[in-house]
Amino acid sequence: TMSVASICRTHRITFESPTTVKDLAGGTTRENWTAVTNLTNLNCTIQNASHRERFLFAQRNILLTSIIYLPRIYTDQIERRFRIRDLATNRLFKIHSYADEAGRELLTKIYAEEYLK
């Protein structure tokens with residue numbers, strides 16, 4: 001069997017958390033994203049979602065583009081409101097859902113949508 005280290009080594013990602021910032025007049029707000037402590041520079045693998053996975057999400061009107069695998073030890077710290085940044089390419093991903101991989105509990109599988117800039 002493949003080790004978690006070998007499965008999760010093709011990409012490095014950081015999870016980012018949104019914070020809302022008001023301007024000086026207390027008016028317009030914008031969202032800032034900051035790296036989440038303990039969820040930075042993590043090894044993972046990012047793959048394109050399969051046709052079947054895309055279809056299942058499309059039935060719920062959700063665009064799914066990517067599946068991200070990372071070591072299970074981070075699962076409890078992940079929140080759906082976070083986004084994921086690929087550190088090599090600066091690609092951004094919105095988290096739709098995530099779960100421990102059935103039968104492969106060492107991995108967390110994140111269903112995500114790549115933001116198109």
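**Exercise 1. Asn-41 and Asn-90**

Task: Decide whether Asn-41 is buried, partly exposed or exposed, and find the loop that holds it.

Solution. Start with the surface. Asn-41 has a relative accessible area of 39%. Buried means under 20% and exposed means over 50%, so Asn-41 counts as partly exposed. Keep in mind that this is a predicted model.

Next, place the residue. Asn-41 sits in the loop that runs between β2 (29-35) and β3 (42-48). Now look at the backbone: the phi of Asn-41 is positive, about 55°, although this residue is not a glycine.

Then try Asn-90 in the same way. Its loop lies between β5 (83-86) and β6 (92-101). The relative accessible area of Asn-90 is 40%, so this residue is partly exposed. Asn-90 is not a glycine either, yet it has a positive phi of about 70°.

**Exercise 2. The partners of strand β1**

Task: Work out how many bridges join β1 to β2, to β3 and to β5, and in which sense the strands run.

Solution. Take one partner at a time.

- Step 1: β1 and β2 run antiparallel and are joined by seven bridges. On this side, Thr-20 stands opposite Glu-31 in β2.
- Step 2: β1, which covers residues 11-22, is joined to β3 by three bridges, and these two strands run antiparallel. Here you can find Ile-13 opposite Leu-42 of β3.
- Step 3: β1 also pairs with β5, over four bridges and in the antiparallel sense. Ile-13 appears again, standing opposite Asp-86 in β5.

**Exercise 3. Rings in pairs**

Task: Find out how many aromatic pairs the whole structure has, and describe each of them.

Solution. A pair of aromatic rings is described by the distance of the centres and the angle of the planes. A search of the whole structure turns up two aromatic pairs.

The pair of Phe-15 and Phe-82 has 6.5 Å from centre to centre and 65° between the planes, which makes it edge-to-face. It links distant parts of the chain, 67 residues apart: Phe-15 belongs to strand β1, and Phe-82 to the loop between β4 and β5. Both Phe-15 and Phe-82 are buried.

The other pair is Phe-57 with Tyr-111, a tilted pair with centres 5.1 Å apart and 35° between the planes. Because Phe-57 lies in helix α2 and Tyr-111 in strand β7 (residues 104-114), this pair ties together parts that are 54 residues apart in sequence. Phe-57 is buried, at 7% relative accessible area. Tyr-111 is buried as well, at 18%.

One more step for Phe-57: Arg-60 lies over the face of its ring, 4.7 Å from the ring centre.

**Exercise 4. Two threonines**

Task: For Thr-65 and Thr-45, state where each lies, decide whether each is buried or exposed, and name a polar contact of each.

Solution. Begin with Thr-65. This residue is in the loop between α2 (51-58) and β4 (66-71). Its relative accessibility is 16%, so Thr-65 counts as buried. The side chains of Thr-65 and Ser-66 are joined by a polar contact of 3.0 Å. With neighbours within four places in sequence left aside, Thr-65 is in contact with residues including Gln-47, Asn-48, Arg-54 and Glu-113.

Move on to Thr-45, which has its place in strand β3. At 8% relative accessible area, Thr-45 is buried. The side chain of Thr-45 makes a polar contact of 3.3 Å with that of Thr-10. Beyond neighbours within four places in sequence, Thr-45 touches several residues, among them Ile-7, Cys-8, His-11, Ile-67 and Tyr-69. You can also check a distance: the C-alpha atoms of Thr-45 and Pro-71 are 9.9 Å apart, while the two residues are 26 apart in sequence.

**Exercise 5. Confidence in the model**

Task: Find which element of the chain has the lowest mean pLDDT and which has the highest.

Solution. First take the chain as a whole: its average pLDDT is 88, and 90% of the residues score at least 70. Then compare the elements. Helix α1 (residues 4-7) has the lowest mean pLDDT, 67, and β5 has the highest, 97.

How values were computed
Residues are numbered from 1 along each chain as its sequence is written. This is a predicted model: local features need pLDDT of at least 70, side-chain atom pairs count only at pLDDT 80 or more; totals for chains, interfaces and linings use all residues. Side-chain values use heavy atoms; hydrogens and water are left out. Buried means under 20% relative accessible area, exposed over 50%, partly exposed in between (1.4 Å probe, protein chains only). A polar contact is a pair of N or O atoms within 3.5 Å; within protein, one must be able to donate a hydrogen and the other to accept it, and residues adjacent in sequence count only if both atoms are side-chain atoms. Contact means heavy atoms within 4.5 Å. Two strands pair if DSSP finds at least two bridges between them. Rings of Phe, Tyr and Trp (its six-membered ring) pair if their centres lie within 6.5 Å; planes under 30 degrees apart count as stacked, over 60 as edge-to-face and the rest as tilted. A charge sits over a ring if NZ of Lys or CZ of Arg is within 6 Å of the ring centre and within 35 degrees of the ring normal. pLDDT is the predictor's confidence in each residue, from 0 to 100.
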